[in-house]
Amino acid sequence: MSRVRADEEEYWHSSKFRAFTFDDEDDELSQLKESKRAVNSLRDIVDDDDDDLERVSWSGEPVGSISWSIKETASGSTSSLDGRDSSLQKGSSSYAALPKQASFYSLSSLFKGEGHYIPYLQKSLTDTGVKNYAPELRRPKAEYKDYSSDWSPKDTVRRMQRGKVCSLERFRSLQDKLVLLDEAVAGHDGNVITAVLIFLKRTLRREILFRELEVRQVALCHLIHFLRETGEQKFLLDLLRFLDRTEEVALSQYREHLNIQDVEKRREFLKGCIGLPFSAEDTSHIQDHYTLLERQIIIEANDRHLEMAGQSELFRKYPRKASILNMPLVTTLFYSCFYHYTEAEGMFSSPTNLKKTFKIPDKQYVLTALAARAKLRAWGDVDALLTTKNWLGYTKKKAPIGFHRVVEILQRNNAPVQVLQEYVRLVEDVETRLNLATKYKCHDVVIETYRDLKDRIQLTAYKCKVERGSAEEEKINSILNNMVRNAD
């Protein structure tokens, strides 16, 4: 009986096959063969698109489980090889750990779905050679938990916050996914919240996702912002309609006009937006936008014809630098004041017509018209713009923007000193008037102000700043002499 048992043991020990063992201390040759077989099978696995293998790397790089395993083992190969036999480490350079390559992905590319990790993995295997990875595929038993991704929702969120690799595919039930989302929100990390929302958006039906987000306002705001940034307009509109946010739906639809380049199509689109459920104030703005674009189309067609025909001296002297189409209201008003200032109110291109149609305030109208006419050096139009007449027929200079602003605009457009002095005198504040007069060398205004203040000291000091023998010096001497005689 004992002989039979001895024969059996001899048979099993002498066989070329070995029994299965959990021991990590296998000989190096077997480990190397096993690793090479694993690597040779990678190409077959790579060609198989399996969504369940997708993982999320919060360093900004979406990777698959295979690529992730290789890169993870490559980065930790040094520590795993230290415990092995020194004979492997003394081998050729092909067994050395590869330097970690820079990521080709960013967080924005993850959000926008850009890039695929499979071609990159194939390129890595082709460029570096299979044998470089073979000794590094096996990992210590202590690290097997990382590969299995057996993490709770809280642990998963914490790892994502630290930039660790985590698999979200293991959260399959609705309850697990919601717990994961709640943990992400509790962690107050916007990137993690958005990453979890991307996962839920891909794995849940819209109705279920919308219903759960309705009671989670923080996550809802993150998703709405993400959809707007990525331009997923249809998904965003479905979400807003589910939430019964009719005004936001209307505004989101209105924003689509920015993507319409053809001006006629944009005009028709804006006309259709007028009937959307906006608030009263927003409806007024949409109406003004449509009316303005309609006016711009008419003005642009007429002015282009005049410019090409050469019938207008103003267009010949000051050629247009750009089209008026799709310009803001203030720009359109400036353009109208520059090229069509004298037109009757009944013309669409008339500045007064624009002012009346769009209810432009007097302050904005004067500021824009003043800048346009000063640029043309039309000082007579500037004077008429700032002159008002009361009910008795008396005229008076009036500037809703303040005469100090008028002086600054005129000076920027190189107005003559005589024109500047006229409006510097109208500045009510004495200190501001003196500063402007001194700055722009309006000597008469400075002299007259010091005369009215009866300030002999300042007059004497200012006498040194004017040219000797000039009319200004004679004027100062005359004022000083009068002051002396009056004092006697």
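This report looks at aromatic pairs, one helix and a surface patch in a predicted model.

Local features need pLDDT of at least 70 and side-chain atom pairs count only at pLDDT 80 or more, while totals for chains, interfaces and linings use all residues. Numbering runs from 1 along each chain as its sequence is written, and side-chain values use heavy atoms, with hydrogens and water left out.

Let's start with the rings. Searching the whole structure turns up nine aromatic pairs (Phe, Tyr or six-membered Trp rings with centres within 6.5 Å; planes under 30 degrees apart are stacked, over 60 edge-to-face, the rest tilted). Two of them are set out here.

| Pair | Ring centres | Planes | Type |
|---|---|---|---|
| Phe 210 and Phe 242 | 5.7 Å apart | 50° | tilted |
| Tyr 335 and Tyr 339 | 5.0 Å apart | 50° | tilted |

Phe 210 sits in helix α13 (residues 206–213) and Phe 242 in helix α15 (residues 233–242), so this pair ties together parts 32 residues apart in sequence. Helices here are DSSP runs (H or I, at least four residues), numbered from the N terminus. Phe 210 is buried at 4% relative accessible area, whereas Phe 242 is partly exposed at 35% (buried is under 20%, exposed over 50%, partly exposed in between, with a 1.4 Å probe and protein chains only).

The tyrosine pair stays within helix α20 (residues 329–339), four residues or about one helical turn apart. Both Tyr 335 and Tyr 339 are buried, and they belong to an aromatic cluster that also includes Phe 315 and Phe 338.

Over in helix α27 (residues 443–453), the buried residues include Val 445, Ile 447 and Tyr 450. Lys 454 follows α27 with a positive phi, near 55°.

Finally, Tyr 394 is exposed, with a relative accessible area of 57%. Together with Trp 391 and Leu 392, Tyr 394 makes a nonpolar surface patch of about 480 Å² (nonpolar side chains joined within 5 Å, from residues with over 30% relative accessible area and no salt bridge, that is, no Lys or Arg side-chain nitrogen within 4 Å of an Asp or Glu carboxyl oxygen; areas are Shrake-Rupley with a 1.4 Å probe).

Methods. Patches are made of residues with over 30% relative accessible area and no salt bridge: like charges are joined within 9 Å, nonpolar side chains (Val, Leu, Ile, Met, Phe, Trp, Tyr) within 5 Å. Helices (H or I, at least four residues) and strands (E, at least two) are DSSP runs, numbered from the N terminus.
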